[in-house]
Every structure is written in C-alpha cells, then in structure tokens.
Amino acid sequence: MLKINKVDKIKGRIRVPGDKSISHRAVMLSGISKGKGIIEGFLRGEDCYRTIACFRGLGVEIEDRGSQIIVQGKGLQGLEEAKDVLDAGNSGTTMRLLSGILAGQEFLTVVTGDDSLRKRPMDRIAVPLRKMGAMIEGRDRGSLAPLVIRGGGLQGMDYTPPVSSAQVKSAVLLAGLYAKGETVVREGVTTRDHTERMLKALGANITAEKGKVSLGKSQLEGTAIQVPGDISSAAFFMAAAAAKPGSQLRIRGVGLNPTRTGIIDVLREMGAAIEIDNITESGGEAAGDIIIQGKKLRGIHITGEIIPRLIDEIPVIAVIAAMAEGKTTITGAQELKVKESNRITSMVTEMKKLGMKVEELPDGMEIEGGSTITGGRVKSYGDHRIAMAMAVAGLFARDSVKIQNSACIGVSFPDFEQTVKQVTSHGV
Ligand code: S3P
C-alpha cells in the first residue's frame, strides 16, 4: 500500500525512467538485427523485463550490464522455437508486437499474460496477421490470449487498422519484415511512431509520410540505442507541478517525440507554464528537459486527433482537471476501456471515492473543477497508471490517500515513491 499526503508545492530536478515503448522495441528489434545492440537508459520495469524474458526464450542472448543491456542480435531469420510458453505478464506491447514478429516464424509459439492481459483484445492484431498468412489461434474464437502462433509464408498487404493503435500498426510492420512484397499501414489519426523511427535507424527500407508507412524488403543492423525518459511517467509529475501554484520542477532528458507530447499541449491549454530546454536527438528520437511552473489551471475539452498523443496520460489529466477552474470534458477516448484496466470506470469510481465530481461518458468522462479532495482508501485495479494518478490526487487531498495494491507501479516506474519524496521533501 502506498500512502500519499498533501504538499504545498512540487519542487526540484528529477529524472524519470526510460521510455517503455522505446525500451520494448529496442530489445525486440535488436534481437532480430545482425550484430550487437547496446541499449542505454532501458526501463527497468516489469513490462520490459517480460520482453527480455520472451526474447531469451526465443534463443536471443541478452546480457544485463547495469548501465547497458547488450543484445546479441540473431538476424531476421535467427530466432529459435521456445521450449515453453512465453509470458508477456501485464504488457500489451510485448504480446502484440511480439506476435507480429512471431507471424514471420515457421515454428510454433504460445504466448500468454496475466489476468488483465488475457482479457484484452488480441483480434486487432490476429486479424491482420492472419490476412498476411500466419496461423493464430486463441481463446474466444481466436481473440484472447493465450495465443498460439505458427507463422511463415507471409504476404505484404495494404492495411488500415480499424482502431487508432500503435501496437497494431507495429505488429503489422514487424510481420512485414518477413513478408513478400511491400507492407503498407495507413492511419487517419497518427499514433506513436517509435517502431518506424527505430526500424529506420537500424537500416530498414521504410518510408513514412502523413498517414502512411511503407516497408519493403529489409535487413536490420544492430546499433547503440539511447532510450530517453518516458514522458508518460514524467506526466504524473508534470501534471502535479502544473496544477500547484508556486511549484517549480525540471524533468531532465524526457522523450519529446511529437506523437507523444499531447500532455504538454493540454497542460499549456489549461494554463500551465511549460518550457523545453537542452534538446538532443538520438536514433530519430528527440529528448529534452521539461520545466514546469505551477499555476491555477482551467478546464478544457479534450478530444479528436490529440487523444492518441496522450492516451496513457488521461488518468492523471482527469485528477488535475478536478482541481482546475470550470469543467473538463474528455471524449473520443473509448480505447481507455481496453487498457490494463477499464481506465474510464476505474478512474471515475476511485475519483468519486475521494470526493471529486466526475461522471462517466461512453467514450470518456466529464470532470467538474474546484473539488476538495477528501482522502481515504482507493484501489489500483492492478493498473500502474491508475495507482500513480491516485498518488497525484493524494498530493492535493485534505487527508492522506492510501492506494491499495500499489506494487503494480513497478510495471513502468519502479522508483515512483522515491521520486515523489524527491519533489515533496522541501520542508512542507
Ligand atoms: C503503446 C501504444 C499504446 C499505449 C501503450 C503503449 C506502444 O497502446 O497505450 O501504453 O508501445 O505501442 P495502443 O497502441 O494499443 O493504443
């Protein structure tokens, strides 16, 4: 259980752990590249350890040297049949992207996950991967894990996923590495493009223009990959600092890929003062320091094209919206229902327990600002981002907030509690 008390200000200079999306891709793509992949800044969270374990299961040698993860790439054709079931744990990215790679392998693989992951929709990747020629079976007529995959003999295709999902786009592109002919993925609303950027950095024959990614016959060459800080982890501290007048926080080395920076746009629109400093670039991914000054925020309407650019940040946005002036409406976010928990229902239920005025909408929620957060016990639903969003609520609450089953935070932010102490232990 995690107990969080109110503070007056958020202050200091912090770093956040490595980007989860990029860490997964770094291990996977290095594993199917020729030569050595040297990964720095890797996220040491449960989800990414699952990706390492799955690739070890497929015969890839991966060495943990503390500051670096060294992956001895096997090349596109070098993976071996696993001797046992692969376990993706809580990680949708592991299961869905890995399935794309497995669709290209002639051997048999069974992939499973924890209670949450076994409830999440896998037909969104199984359908296109079957169209390309892979055999994929699963529970509930092939739509739920455990998945049984026998791949090979793939044909490239031109695909437009019915949902805006980087995981689906990535699964199809990764299968495309093994397909005859060109693979094209089109999307109406741009989702995170880390797969495309990393494939390019590793030498793939890939071109991306607005709304369309094309991949031809490719070879991948292992290289050094610098993982920036995860803006989705930084978001908890950005939001808390932004909503507390008098706060002053610098978060160093955060990934600033434009497909991920919706949180900055939203906080600015709500009235926060945010600056970016020390911008660097590595492997096609920008990073920099984010500097936040706390202000009184105002409610806004969040919908449309921005949603995929802040999908994982909506839980914490909902919390600070309760502290803002006026109403905040979030719509077009139905994808939240199929995350690690149903994040609309989880957030609305737990926010209400703490006295916040919030109503569930079919595709989002409506939050009335100016709430007094009372405090008390809340549930995490085993969902790391719900647990951390509730911790942020605790920083504003009259009485302490106790988050039950908070160990799930280790999925993406193992040092979360320490980082909270770092920004709050300035004598309040
Ligand atoms: C991710 C994509 C997003 C995001 C998830 C990580 C990725 O999911 O919510 O946390 O690494 O590609 P969807 O692509 O399913 O929207």
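Does Lys20 count as buried or exposed, and at what relative accessibility? In this predicted model, Lys20 counts as buried because its relative accessibility is 8%, under the 20% limit.

**Figure 1. Surroundings of Lys20 in helix H1.** Lys20 belongs to helix H1, which comprises residues 20–31. Leaving aside residues up to four places away in sequence, Lys20 touches Leu43, Asp47, Cys48, Asp230, His384, Arg385, Val411 and Ser412. An unreviewed UniProt entry includes Lys20 in its "binding site" annotation, together with Ser21, Arg25, Ser165, Gln167, Asp312 and Lys339.

**Figure 2. Asp312, the position annotated as "active site" in UniProt.** The annotation comes from an unreviewed entry, and Asp312 is also among the positions under "binding site" in the UniProt record. Asp312 lies in the loop that joins strand E18 (301–302) to helix H10 (314–321). With a relative accessible area of 10%, Asp312 falls under the 20% limit and is therefore buried. Its contacts, not counting residues up to four places away in sequence, are Arg192, Ser232, Lys339, Arg343 and Arg385. With one of these, Arg192, the side chain of Asp312 makes a side-chain polar contact at 3.4 Å.

**Figure 3. Lys339 in the loop between strand E19 and helix H11.** Strand E19 covers residues 327–330 and helix H11 covers residues 343–353. Lys339 is buried, because its relative accessibility of 17% is under 20%. Apart from residues up to four places away in sequence, Lys339 touches Arg120, Ile311 and Asp312. Lys339 is one of the positions that the unreviewed UniProt entry lists under "binding site".

**Figure 4. Ser91 in the loop between strand E6 and helix H3.** The loop holding Ser91 runs between strand E6 (86–87) and helix H3 (92–102). Ser91 counts as buried because its relative accessibility is 0%. Setting aside residues up to four places away in sequence, Ser91 touches His24, Asp47 and Leu117. Asp47 also appears among the contacts of Lys20.

**Figure 5. Helix H8 and its N-terminal cap.** Asp230 caps the N-terminal end of H8, with a side-chain oxygen 2.8 Å from the backbone nitrogen of Ser232. Asp230 is among the residues that Lys20 touches, while Ser232 is among those that Asp312 touches. Helix H8 runs over residues 231–243. At 1.5 Å a residue, its 13 residues should span 18 Å, and the end C-alpha atoms are 17 Å apart, which agrees with that expectation. The helix nevertheless has a kink of about 25°, centred on Phe237. H8 is mostly covered, as 13 of its 13 residues are buried.

**Figure 6. The whole chain, as context for the close-up views.** The chain contains 13 helices and 23 strands. Its radius of gyration is 21 Å, close to the 22 Å that the globule rule gives for 428 residues, so the chain is as compact as a globular protein of that length. The C-alpha trace spans about 60 × 45 × 40 Å along its principal axes. Of the 428 residues, 61% count as buried. Among contacts in the chain with a separation of 6 or more, 75% are between residues 24 or more positions apart.

How values were computed
Residues numbered from 1 in each chain as written. Predicted model: local features only at pLDDT ≥ 70, side-chain atom pairs only at ≥ 80, totals over all residues. Heavy atoms only, no water. Helix = DSSP H or I, 4+ residues; strand = E, 2+ residues; numbered from the N terminus. Buried < 20%, exposed > 50% of the residue type's maximum accessible area, 1.4 Å probe, protein only. Contact = heavy atoms within 4.5 Å. UniProt positions renumbered as here; feature names shortened; annotations may be inferred. Polar contact = N/O pair within 3.5 Å; in protein donor to acceptor, adjacent residues only side chain to side chain. Expected span 1.5 Å × (residues − 1). Bend = angle between axes of the 7 residues up to and from the residue. Rg over C-alpha atoms; globule rule 2.2 N^0.38 Å.
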